[in-house]
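Student: I am new to this structure. Can we go through its empty spaces and its barrel?

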Amino acid sequence: MAATNSLKEIQTTCCYCGAGCQLLFTVDPAANKILDVHPVQGRTNDDKACLKGWYGWDYLNDPQIITKRIREPMIRKHGKQSPLEVVSWDEAIKFVADNLTKIKQKWGPDSILGAGSARGPGNEPNYLMQKFIRACIGTNNIDHCARICHAASVAGSMQTIGEGAMSLSIPEIEDAEVIFNIGYNASASHPIVSRRIVRAKEKGCFIICADPRITETARIADLHLQLKGGTNIALTNAMANVIVNEGLQDVEFMKAHTKDFDAFWEIVKDYTPEYSAKITGLKPDDIRLAARKYASSKHSVILWGMGVTQFSQGVEVVKSCCSLGMLTGNFGHYACGTGPVRGQNNVQGTCDMGVLPNVYPGYQSVTDPKMQEKFEKAWGAKLSNKVGLALTRVPERVVHEKDPAKQIHGYYIFGEDPAQSDPDLEELRETLDKIDFVVCQDIFWNKTTLHADAILPGTAWGEHDGVYTSSDRGFQRIRKVVEPVGNIKDDWEIISLVSTAMGYPMKYNNTEEIWNEMIDLSPKFTGATYEKIARQGSVQWPCWDKGPQDKGTMYLHEGGKFATPDGIGIFKTSPYHDPTEVENKDFPLTLCTVREVGHYSVRTMTGNCRMLRNLEDEPGWLEINPADATVLGISHKDIVRISSKRGKVLTRANVTERVKKGAVYMTYQWWIGACNELTISSLDPSSSTPEYKYCACKVEKIGDQKWAWEEVGRQYADLRTQMHINKELSA
């Protein structure tokens, strides 16, 4: 941090994706105003930034484009039908503590669930959130949005190679000789990671892109495998089949470092390229070429995103991808391995902090008696040894569970918006309304706050200090850029106050105290002190020692030693099965959700940035093939109606050759064109991740386009009123 006259320059980590780019802000402290921002050198970004990095801070000014900052604590004093009223912090904290205590006393600790935040707050408040739920409430019912994106990556990788994070670093990608990119659109999800893929291409890397759409990566790929949606495992099994049948496997690596190949082969042997071609719609020779190229190098990398994980077979595909790496010896050295590239800025970190129902911070199991004893001693509380509830299963425990003793009665939602981000939103809204007591701790009004019994306003990114974890396991500092405006508090302080009011005192002076407590309990993170993070700029875990000699770990599984209990990797895969809901006569098209490059998550942040809003706004887009559009009489940019068994919405048609006939795609950030009104709540049985990437739908032409555009405008105006905005929307 440097001072120039009265101005300050403050470096921090971007809040918009797992790339962890470094930004330098110029601030006028007297005016509490940001004057300039530009990217600077960071381990992952090489002084580059994307649209969101350049322009994504404007929401701190509260321009009230789509929603409004929450500036005061509010409660419903007289039940769910009464209005929210502004109250003092003392009254709000007491109200929350009293209601949660009553629920705990009447229905038990497991009747309460907490949701952490993978977005702005950082690691320290999330550590406290899971500590509060476990030590104060007494349950492992703690989860966050990893459940709806990369939980399958964690589960599948843990079962095969023992570690759920990226095994390589983002900079290593550009030195790969072969990249197998499956279900991952880097240019929209992580533009700075996409630059690494482009650099790899420039250096001669052979790029294989498996994606039903012609994405930017597909456009530069040497081989685009435009497979049918939902058939990933038929492709990866076929690649393994070719590698083994043609003798391309690394036999020595397999003998020394892996086990259970025979059980793996018992499944894979049936997935010949000809057999898999019938499932995937690919050419057998293209499958063979992909397998041969991947197996041809010891610097082969597999990158995947939610096009792999958001399926009912997501965990199985992750296992299959990890097995491909083991089959070819592509683990344990530079520029190889597996890359589940985590989406949101701190989804890796929120997992690291133990905001999951099965692990404490540092991925220490809640069912391990030694771990339970360690945390009980450290926290001075009796802890549960029962794995908690995944947040995607809340409707099962509210709407579909008839026994009140087994229901969820209290839901503390910290920095998330399930009423926008979860599948089957009609059912989710019913769920929120049936829960006895809902707390929302957030920075903006959103669709979930409309169902809250208490609202606690926290600070936003740019208004507090802390640590994020990048997608490749890199701890990096975030720093306060401006002072918060209004009667709001740091998230860690709010959680501490509620916990203390419930009889479990928490007292900290700053985020470093919280961080030090966490790293002392988490061996993988112990060496990552604030001082070391500041000195190095980034510390990648594992980092076992606080001394300067342990600088962290660039890549995992060095020398072929995996993170499993015995250090041996385990081959696993499964047969292919159809997605849960396939196209039919009434709903003849398939719907898949995707990302929007200029917007982020539920759009409370980027939707309130003027530059980003001017680039793209409501009601979003539906990508549809020209052949399907012609049959339906739809023209480019028409407002259309799309529906499924669960609901219907209006959006704009984007008629494009980039998508295959029979399939349509919607970005999930939009509030009017909200695709999660349509998505199915079918879950992967292992990870409880919803099948966002496949359900049956139909698209209908709207003859009266003037009415359609007026209806979109009416919905937009109504939505902004719900979000407490009174000012007119500027052009």
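Student: Which classes make up the lining of the second largest cavity, and with how many residues each?
Tutor: This is a predicted model: local features need pLDDT of at least 70, side-chain atom pairs count only at pLDDT 80 or more, and totals for chains, interfaces and linings use all residues. Residues are numbered from 1 along each chain as its sequence is written, and side-chain values use heavy atoms, with hydrogens and water left out. Ala, Val, Leu, Ile, Met, Phe, Trp, Tyr, Cys and Pro count as nonpolar, Asp, Glu, Lys and Arg as charged, and the others, Gly among them, as polar. By these classes the lining has seven nonpolar, six polar and three charged residues.

Student: Which residues lie nearest the centre of the second largest cavity?
Tutor: On a 1 Å grid over the protein atoms alone, a cavity is a set of points where a 1.4 Å probe fits but cannot get out; a pocket is an open set with protein on both sides within 12 Å along at least five of seven lines; lining residues have an atom within 4 Å of a point. The second largest cavity is lined by 16 residues, and nearest its centre lie Gly120, Pro121, Gly415, Asp442 and Ile443.

Student: What is the volume of the largest cavity?
Tutor: Grid points are joined across faces, edges and corners, and a volume is the space filled by probe spheres set on the points. The second largest cavity comes to about 140 Å³. For the largest cavity the volume is about 190 Å³.

Student: Which residues are closest to the centre of the largest cavity?
Tutor: Its lining divides into six nonpolar, six polar and two charged residues. Of these 14 residues, the closest to the centre are Ile148, Met306, Gln310, Ser421 and Tyr668.

Student: Which strand gives the largest share of the lining of the largest pocket?
Tutor: The largest pocket holds about 570 Å³. Its lining has 39 residues, with Asp211, Pro212, Cys592, Tyr665 and Lys693 nearest the centre. Strands (E, at least two residues) and helices (H or I, at least four) are DSSP runs, numbered from the N terminus. Five lining residues, the largest share, come from strand 24.

Student: Which residue stands opposite leucine 591?
Tutor: Two strands pair if DSSP finds at least two bridges between them. A closed barrel of six strands runs 24-28-25-27-26-29, with mixed pairing. Five bridges join strand 24 (residues 589–594) to strand 28 (residues 663–667), and these two run parallel. Opposite leucine 591, in strand 28, stands valine 664.
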